[in-house]
Amino acid sequence: MTTQVFLSGLGLGASLIMAIGAQNAHVLRMGVQRSHVALTVIACIAIDMALIWAGVAGAGALIERSPLLMALARWGGAAFLIWYGLRSWRGLLASNRLDIAGAATPRTATAALASVLAMSLLNPHVYLDTVVLLGSIGGRYPAPDRGAFSAGAMTASLLWFSLLGFGAARFAGVLARPVAWKCIEALTGAVMLLLAANLVIDGLAAL
């Protein structure tokens with residue numbers, strides 16, 4: 001069960017973090033320009049891990065005490081996953097791409113840290129993805145499994161930001177192409193809808 005829960009956290013975390021957004025664009029840009037890459041990657045991973053832990057720990061404690069909150073988390077999470085999955089698939093019709101040259105590169109480590117903190121903590125989607133969505137879904141698991149779910153989601157963050165930042169110089173040309181992000185959006189949508197289906201099945205079984 002623990003391995004299954006870990007993989008569930010890994011899949012959901014990867015689906016959320018791989019979606020096109022300002023944070024990914026910033027990390028890719030810093031990687032391509034080889035500017036404070038390690039600092040940027042570590043900061044993004046640390047922020048994600050802290051928010052995931054806080055979300056799962058806090059939401060889990062609240063949901064565990066209330067069958068109503070448990071049901072709301074399950075059905076609300078399913079509804080959000082369906083919306084997010086369909087939104088990702090809708091992105092296949094758009095010419096989405098990452099702009100890796102659209103902003104100036106911070107010159108000092110302090111400026112680079114301030115930049116990534118602002119890009120991460122001032123972005124409402126970061127809280128929606130980690131604290132609300134991952135927290136509510138992770139919180140529905142029994143206490144022993146919440147650590148496995150959190151570890152899976154954190155692993156997704158670790159792998160993705162490391163790949164995006166340190167691999168940017170080699171793969172930036174590919175990642176910046178619209179067709180590459182269309183493939184990512186297609187995979188994201190499929191995983192989201194699959195996870196939503198699992199939540200619906202669990203909800204029906206609990207009735």
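This report walks through the fold, the cores and a few individual residues of one predicted chain.

The model is a prediction, so local features need pLDDT of at least 70 and side-chain atom pairs count only at pLDDT 80 or more, while totals for chains, interfaces and linings use all residues. Residues are numbered from 1 along each chain as its sequence is written, and side-chain values use heavy atoms, with hydrogens and water left out.

**Overall layout**

The chain has nine helices and zero strands, where helices (H or I, at least four residues) and strands (E, at least two) are DSSP runs numbered from the N terminus. Read from that end, the order is simply α-α-α-α-α-α-α-α-α. Out of 207 residues, 46% count as buried; buried here means under 20% relative accessible area, exposed means over 50%, and partly exposed is in between (1.4 Å probe, protein chains only). The accessible surface is about 10000 Å², and carbon and sulfur atoms own 71% of that (Shrake-Rupley method, 1.4 Å probe; for residues, only the protein chains shown count as cover).

As for contacts (heavy atoms within 4.5 Å), take those in the chain with a separation of 6 or more: 88% of them come from residues 24 or more positions apart.

The unreviewed UniProt entry annotates "transmembrane region" over residues 6-25, 37-62, 68-86, 107-128, 148-167 and 179-201. UniProt positions are given in the numbering used here, feature names are shortened, and annotations may be inferred rather than shown by experiment. In the model, residues 148-167 are 95% helix and 0% strand, with the end C-alpha atoms 27 Å apart.

**Two cores**

A nonpolar core is a set of buried Ala, Val, Leu, Ile, Met, Phe, Trp, Tyr and Cys residues joined through side-chain atoms within 4.5 Å. The largest one has 22 residues, and the members touching the most others are Leu-12, Leu-16, Leu-81, Leu-133, Leu-134, Ile-137 and Phe-149. Two or more residues come from each of α1 (2-17), α3, α4 (67-90), α6 (124-139), α7 (143-166) and α9. A second, separate core of 14 residues includes Leu-28, Cys-44, Val-116 and Ala-168.

Leu-133 from the largest core touches Leu-12, Leu-16, Gly-77, Phe-80, Leu-81 and Leu-128, leaving out residues up to four places away in sequence. Leu-195 sits in helix α9 (residues 178-206) and is buried, because its relative accessible area is 15%. Under the same sequence exclusion, Leu-195 touches Ser-8, Gly-11, Leu-12 and Leu-81.

Over in the second core, Ala-168 belongs to helix α8 (residues 168-175) and is buried at 0% relative accessibility. Beyond its neighbours within four places in sequence, Ala-168 contacts Leu-28, Gly-31, Val-32 and Leu-163.

**Far in sequence, paired in space**

Here are four residue pairs with their sequence separations and C-alpha to C-alpha distances.

| Pair | Sequence separation | C-alpha to C-alpha distance |
|---|---|---|
| Leu-195 and Gly-11 | 184 residues | 8.6 Å |
| Thr-3 and Asp-145 | 142 residues | 9.3 Å |
| Ala-168 and Arg-29 | 139 residues | 7.9 Å |
| Val-37 and Leu-164 | 127 residues | 9.8 Å |

Thr-3 is in helix α1 and counts as exposed, because its relative accessibility is 58%. Val-37, by contrast, is in helix α3 and is buried, with a relative accessible area of 15%. Not counting residues up to four places away in sequence, Val-37 touches Met-30, Gly-31, Gly-165 and Phe-166.

His-36 is found in the loop between α2 (22-32) and α3 (37-65). Its backbone is worth a look: His-36 has a positive phi of about 50° although it is not a glycine. At 26% relative accessibility, His-36 counts as partly exposed.

**Rings and a charge**

Rings of Phe, Tyr and Trp (its six-membered ring) pair if their centres lie within 6.5 Å; planes under 30 degrees apart count as stacked, over 60 as edge-to-face and the rest as tilted. That rule gives one aromatic pair. The partners are Tyr-141 and Phe-149, with ring centres 5.5 Å apart and planes at 35°, so the pair is tilted. Both partners are buried: Tyr-141 has a relative accessible area of 10% and Phe-149 has 0%.

Tyr-141 also has a charge over its ring: the charged end of Arg-140 sits 4.8 Å from the ring centre. The cut-offs for that are NZ of Lys or CZ of Arg within 6 Å of the ring centre and within 35 degrees of the ring normal.
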